[in-house]
Amino acid sequence: MKQKPYSLTNEQLCTISSIIEKESYAYILESKDESFSIYANKLGRKKIVYTTNKSSLSFKQYVNKIAQDCTILIRDNDYSDQVDVFCINAIESQMIDQIKNEVLTETGIQLYVYDLNAIKMSKVTGVVQYLNSIWNFGNQNTLNLNGSKKALFDILISGKETTDIKNNLLYSVIVLTIFNDRNHSLITELRNKVTSQLGMNIGNFEVVLQQMAALHIIKYDKTTHKHVLLDEKNYKKVASIVDEAKKIQNEFTTKFNEILEKYKIIDSKEIFDKLIDLYQHHFASDSTDEYEKRAVAVYTALYNLIRDKTDSVNAKEVINDMRNLCDESSFLDCISVTSSFLGMYRSNSLDDYLNTKQKCIILDTPLLCYLLCHRALSLPIHYDWQQTQYKSTRELYELYKTKSDSVVLYTMDDYLSETVGEYKKALQIGWLESFTDIDFLKSANNTFYNYYRYLKENPELFDDSDKINCFDDFAKEILGFRNICIDTLSFTKDSKNDVRNQIVSNYGINVECFRATTDAEVEEITKKYQATLEKSKSPFACSADAKMLVFLSRVKKMRNADYSKEVELFISTWDTSFDKFRKSLFASGCPNHFFITTPAKIINKVALANFDINRTCITNDVFLFADANFGVRDKVVKFVNKAAPIFGPKHGTNKFYNAVLDWYKEQVENDTNYEDSKNEVYSLRELFVLSLFERINEKLNPESIFKLRNDIDVDRGVRGIFNKYRKDYTTKEDVEDSVEKMINEIIYFTDKGKEPPIEPVLH
């Protein structure tokens, strides 16, 4: 019997459940019963997982039955109180929420339901790939996007304004989840709850929590570091906002009903529901209208409904009263603001566009050292080392594992040698351990030794069979190095082979090597690089960094990269010394542009690229918190008004639009000061691009726009005009003035076929 389109068989559902358990929770199937399966993680923690073909009619009864069974199983076997249920059919979301709340209240079980709808929405890489294979999504037509659509997509994916808004909304969902969790959330459970609410997996969740803690939005439990909570001030603030949200909704509903009673209209629920539906529809659509114009469409449609229930004169009065109510109340702001922003991400074309990109990321020596430590034990997050850079490296690697189709990791052969150097230093520090005060060695600036100290202080984290009495034991048993004798002739060779085997064979990281064009080239580029440094480095480190930078500037093909996609080159590092030399390479006309980024930044960009979350998770209290703390309403309205003109029009994919887009992306991806949310150069360049597209559609007539899109000579001339204005701006006024001048020159060129004459300078 042929399978129905976009349906699942029982076997396929079991496969998907295994993928989600492994990629989202790091659980592997241990045993399988007739009615349920047991999954276990590396620490031996076990949980119960069900798969079912129940329909909506019998689903609640089924869950009530298994909840009673699970209560006994959890009590008798010390299983996790999280139970996952995978269902072959679609279940109404309201029913799922109701069932989950009832089960939690009655049994204390955290129930997670993955019905057909949730599986279709899944962003887990393995699930997406599996669904593509069984539903033949891969046979769709080739993506064909025009220049303006690409510009908007890049701004949606990684623009400063959109990233700020995404983080603001995400932070707010997390805060309200902690608040509703009695202000003390276990990080692993918090991740699961937020993932369930959003309808998407946040691959950089630990990094998000670190950012929130740095902004004093949340704090870590100092005793366990496994929990997060709000301080007393923020807790009271959220409690006040929750009460305010209820008050706003009640007042709006009361006044809404009073308006209808005034005009003797009795179908209040039908009209209220229609108002909500219209707001969601018109504000979530990919309209080219500005924000306020979308409200006009809402009331026009609502007028037609009300006119059927009263006369036309009264209908107009009702609409006027409702508009005044909506203007005075902030109740519908949550719907209009979040729908207009999130609606931009509900696009198959955006998903397809993301699939056309592949990031090739080079890891330098510090990241390799952290990665070797992490992969040695792969400890669960809440047990793992809490050092900030270590956590960022771990998150970057986890991101790579879940998005291996869009992220490929690399390093350089010289960085393997530097890693061996760090290992050698760690052995030397470890040798001092028996002679020196341990507290003194705790300050050692060596990743391997510091991770060893963390495990030594927490012996329960590794197997009892591993005898870790000193660093030498740690190097052999945990890190997997074979040679611990630094004086032997084969030490460097043996250790480098060990690092290479781990990095390449076990971690899937590619190793590239610089090839000099002349015998003297390495010495020449090293000297040029040293001349750009503000702080000294060792000669070998200077040579390694210089060779890596030159390699990226001219490499024709990265190994194992998919060149059917748009390949973007990155260096992931905390080293701030690369940028000056990179700029000198660009100035000399090197073939490639590459980007410098911190691990935290690239994790954030990739993880939140497509923010296609469940809009219902942005409730009124979440929205009020986001607005009170981050001003999210004004941010969205301003962005929608700027982006709307380039959302709909079908600009051709020409060199002018691509030139503007490339210039924009160059700064977006090179914002190495990621933690500094006030990077003015970065945001002003984005403002320039958005304003330029907006003004082109406002100021140019249809004939001029047609020429700009289709005439090769006009395209070439306009690119020349753009090149005069592409620079790093320092003030908003400077941006606005330059955009206005550029638009006037473009209008003159499309009309006259040449640039305007240069105004004489008065002496």
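**Chat: cysteines, a sheet, cores and rings**

Me: Cys-334: buried or exposed?

Reply: Cys-334 counts as buried, with 3% relative accessibility. Buried means under 20% relative accessible area, exposed is over 50%, and partly exposed is in between, using a 1.4 Å probe and protein chains only. Keep in mind that this is a predicted model, where local features need pLDDT of at least 70, side-chain atom pairs count only at pLDDT 80 or more, and totals for chains, interfaces and linings use all residues. Numbering starts from 1 along each chain as its sequence is written, and side-chain values use heavy atoms, with hydrogens and water left out.

Me: Ok, how many disulfides do we get?

Reply: Zero. The rule asks for a pair of cysteine sulfur atoms within 2.5 Å.

Me: Why does Cys-334 have no bond?

Reply: Its closest cysteine sulfur, in Cys-617, is 9.4 Å away, so that's too far for a bond.

Me: And Cys-590, buried or exposed?

Reply: Cys-590 is buried, at a relative accessible area of 15%.

Me: Switching to the sheet. What's the strand order?

Reply: It's an open sheet of five strands, ordered 11-10-9-12-13, with parallel pairing. Strand 11 (510-512) and strand 13 are the edges, each pairing on one side only. On average, neighbouring strands are turned by 35° against each other, direction ignored. For the bookkeeping, strands (E, at least two residues) and helices (H or I, at least four) are DSSP runs numbered from the N terminus, and two strands pair if DSSP finds at least two bridges between them.

Me: How many bridges does strand 12 make to strand 9?

Reply: Seven, with strand 9 covering residues 357-363. Across that pairing, Ile-361 stands opposite Phe-570, and Lys-359 faces Glu-568. On to strand 13 (residues 594-597), strand 12 has four bridges, and there Leu-569 has Phe-594 as its bridge partner.

Me: How many residues of strand 12 are buried?

Reply: Five of the seven in strand 12 (residues 566-572), so it's mostly covered.

Me: Which strands does helix 18 lie across?

Reply: Helix 18 (residues 413-432) lies across strand 9, strand 10 (407-412) and strand 11, at about 65° to strand 10. Axes here are lines fitted to C-alpha atoms, for helices over the stretch in contact (heavy atoms within 4.5 Å), and angles run from 0 to 180 degrees between N-to-C directions.

Me: New topic: which residues touch the most others in the largest nonpolar core?

Reply: Ile-174, Leu-209, Leu-275 and Ile-618, out of 87 residues. Helix 7 (residues 160-180) gives the most to this core, with 10 residues. A second core of 83 residues lies apart from it, Tyr-397 and Phe-595 among them. A core means buried Ala, Val, Leu, Ile, Met, Phe, Trp, Tyr and Cys residues joined through side-chain atoms within 4.5 Å.

Me: What does Ile-174 contact?

Reply: Leaving aside neighbours within four places in sequence, its contacts include Leu-190, Phe-205, Leu-209 and Met-212.

Me: How many aromatic pairs in the whole structure?

Reply: The search finds 35. Phe-252 and Phe-331 have ring centres 4.8 Å apart and planes at 35°, so that pair is tilted. Phe, Tyr and Trp rings (the six-membered one for Trp) pair if their centres lie within 6.5 Å, with planes under 30 degrees apart stacked, over 60 edge-to-face and the rest tilted.

Me: Where do Phe-252 and Phe-331 sit?

Reply: Phe-252 is in helix 10 (residues 232-262) and Phe-331 in the loop between helix 13 (312-328) and helix 14 (333-342), so the pair ties together parts 79 residues apart in sequence. Phe-272 also pairs with Phe-331, and that pair is stacked at 6.4 Å centre to centre, 25° between the planes.
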